[in-house]
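Subject: Structure for you to look at

Hello,

Please find the structure below, with its sequence. My notes on what was found in it follow.

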Amino acid sequence: MKSIMPLQKREITSSRLILGCMGFGGGWNSDPITSEDILKAEKAIDAAQAIGITMFDHADIYTMGKAEKVFGDILKLSPTLRENIIIQSKCGIRLQDEIGPQRYDFSKNHILSSVDAILSRLHTEYIDILLLHRPDPLIEPEIVAEAFEELKTSGKVRRFGVSNMNAAQIKLIESYTSEQMVVNQLEMSLKRNDFVKQGILVNQKAGNSVNFADGIMELSRMENVQLQAWSPLANGMYTGRKLDNLSEADLKTIELVEKMANEKNTTKEAIVLGWLMRHPVFIQPVIGTTNPERISNCAEAVYQSEKMTREEWYSLFTSARGQKMP
């Protein structure tokens, strides 16, 4: 039987790639939204749809709410668009304000008010998935459960998930609510490859320095939690962006990615994302660019993931890791 994405197993129709909308709306400031901001977002959405992307990722803090506002303005102009896409957003991070410093807030009032504000900015009656953005040390899971129940009953949110959490944190929330977390969004890429090292360095001293969500890969596979990767292209490191202070391993991996792309007559983006998506847990990359050309360059990522051999996958990992397998 052909394997499918965890979201599909939960009957959530989604594309293998997601367009991250964190760059919509201009800068992280209170400047007004311009017609240029809207046009830029429209072009990004068109480019995404052209390569089959039907899922869009938001957060209430992205460009201080303007990212969702721009997207909502586009939805108003194209009413049929909402019916054909999956929208997820996040809440739980409160930026520094007159009340206090940047902080995390999983209180019932904050979750409920955040969703109302998200829906207002997006000009939609519901969001498909709500994620809790980062762990709140002061979490009271029974209170989170109450908020989830109200949002589900009211029809404002259909499913729930988390971001940047480990297996124990997910199980804690689920132990107080009937809702299963359908998504966990984490930083994962060819560069940020601790999700691989976490598994292979068990019972080895080298594993002591690995910092990844312990047990999350296994939990995701067993319980159909969709792992989504933020920054999957590692800030463009392997695809042409000029960065300073690159290591020897970085430079060699850049060369290897380019070599593979040339041999396969594809783009470097497709190789880098294909490596990530080759993992059998079905990682779903969140592409965080508004550049239509870069979005288009990701078109063959699914195909390359299906064609990448075990040897090619390990060659890229070993190169990026900068040392031989233990």
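Before anything else, note that this is a predicted model. I begin with the pockets, then go on to the barrel and the helix contacts.

Pockets

Helix α12, residues 301–307, contributes 3 residues to the lining of the second largest pocket, and that is the most given by any element. This pocket holds about 310 Å³ of space. Its lining has 14 residues, of which S3, R16, F282, S305 and E306 are the closest to the centre. Sorted by class, the lining of the second largest pocket has 6 nonpolar, 4 polar and 4 charged residues.

The largest pocket has a volume of about 460 Å³. It is lined by 25 residues, and the closest to its centre are M22, W230, S231, V286 and G288. Here the lining divides into 11 nonpolar, 10 polar and 4 charged residues.

Barrel

Now the strands. Eight of them form a closed barrel with parallel pairing, in the order β1-β2-β3-β6-β7-β8-β9-β10. From one strand to the next, the twist averages 30°. To follow one pairing in the viewer, take β2 (residues 55–57) and β3 (residues 86–91), which pair in the parallel sense over 3 bridges. On β2, M55 has I86 of β3 as its bridge partner.

A helix also lies against the sheet: α6, residues 167–174, packs on it and touches β6 (127–132), β7 (157–163) and β8 (181–187). The direction of α6 makes about 155° with that of β8.

Helix pairs

Two packed helices are described by the angle between their axes and the distance between the axes. Three pairs are listed here in that way.

The helix α6 appears again in the pair it makes with α8 (residues 216–223): the two axes come within 9 Å and cross at roughly 45°. The helices α6 and α8 are therefore oblique to each other. On the α6 side the contact is made by A167, I170, K171 and E174, and on the α8 side by I216, L219 and E223. By class, these residues are 4 nonpolar, no polar and 3 charged.

Next are α3 (residues 66–77) and α4 (residues 108–122), which pack at an angle of about 45° with their axes 6 Å apart. That angle makes α3 and α4 oblique to each other as well. In α3, the residues E68, K69, F71, G72 and L75 meet I118, R121 and L122 of α4. The contact of α3 with α4 has 4 nonpolar, 1 polar and 3 charged residues.

The last pair is α9 (residues 248–263) with α10 (residues 268–277). What is the angle between α9 and α10? They pack at about 110°, and their axes are 8 Å apart. Angles of 65 to 115 degrees count as roughly perpendicular, so α9 and α10 are roughly perpendicular to each other. The residues that meet are V257, E258, M260 and A261 in α9 and K268, I271 and V272 in α10. This contact divides into 5 nonpolar, no polar and 2 charged residues.

As you go through the structure, you could start with the pockets and then trace the strands in the order given above.

Regards

Definitions and conventions: Residues numbered from 1 in each chain as written. Predicted model: local features only at pLDDT ≥ 70, side-chain atom pairs only at ≥ 80, totals over all residues. Heavy atoms only, no water. 1 Å grid on protein atoms, 1.4 Å probe; cavity = no way out; pocket = protein on both sides within 12 Å on 5 of 7 lines; lining within 4 Å. Points joined across faces, edges and corners; volume = space filled by probe spheres on them. Nonpolar A, V, L, I, M, F, W, Y, C, P; charged D, E, K, R; others polar. Helix = DSSP H or I, 4+ residues; strand = E, 2+ residues; numbered from the N terminus. Axes fitted to C-alpha atoms, helices over the stretch in contact; angles between N-to-C directions. Parallel < 35°, antiparallel > 145°, perpendicular 65-115°, else oblique. Contact = heavy atoms within 4.5 Å. Pairing = 2+ DSSP bridges.
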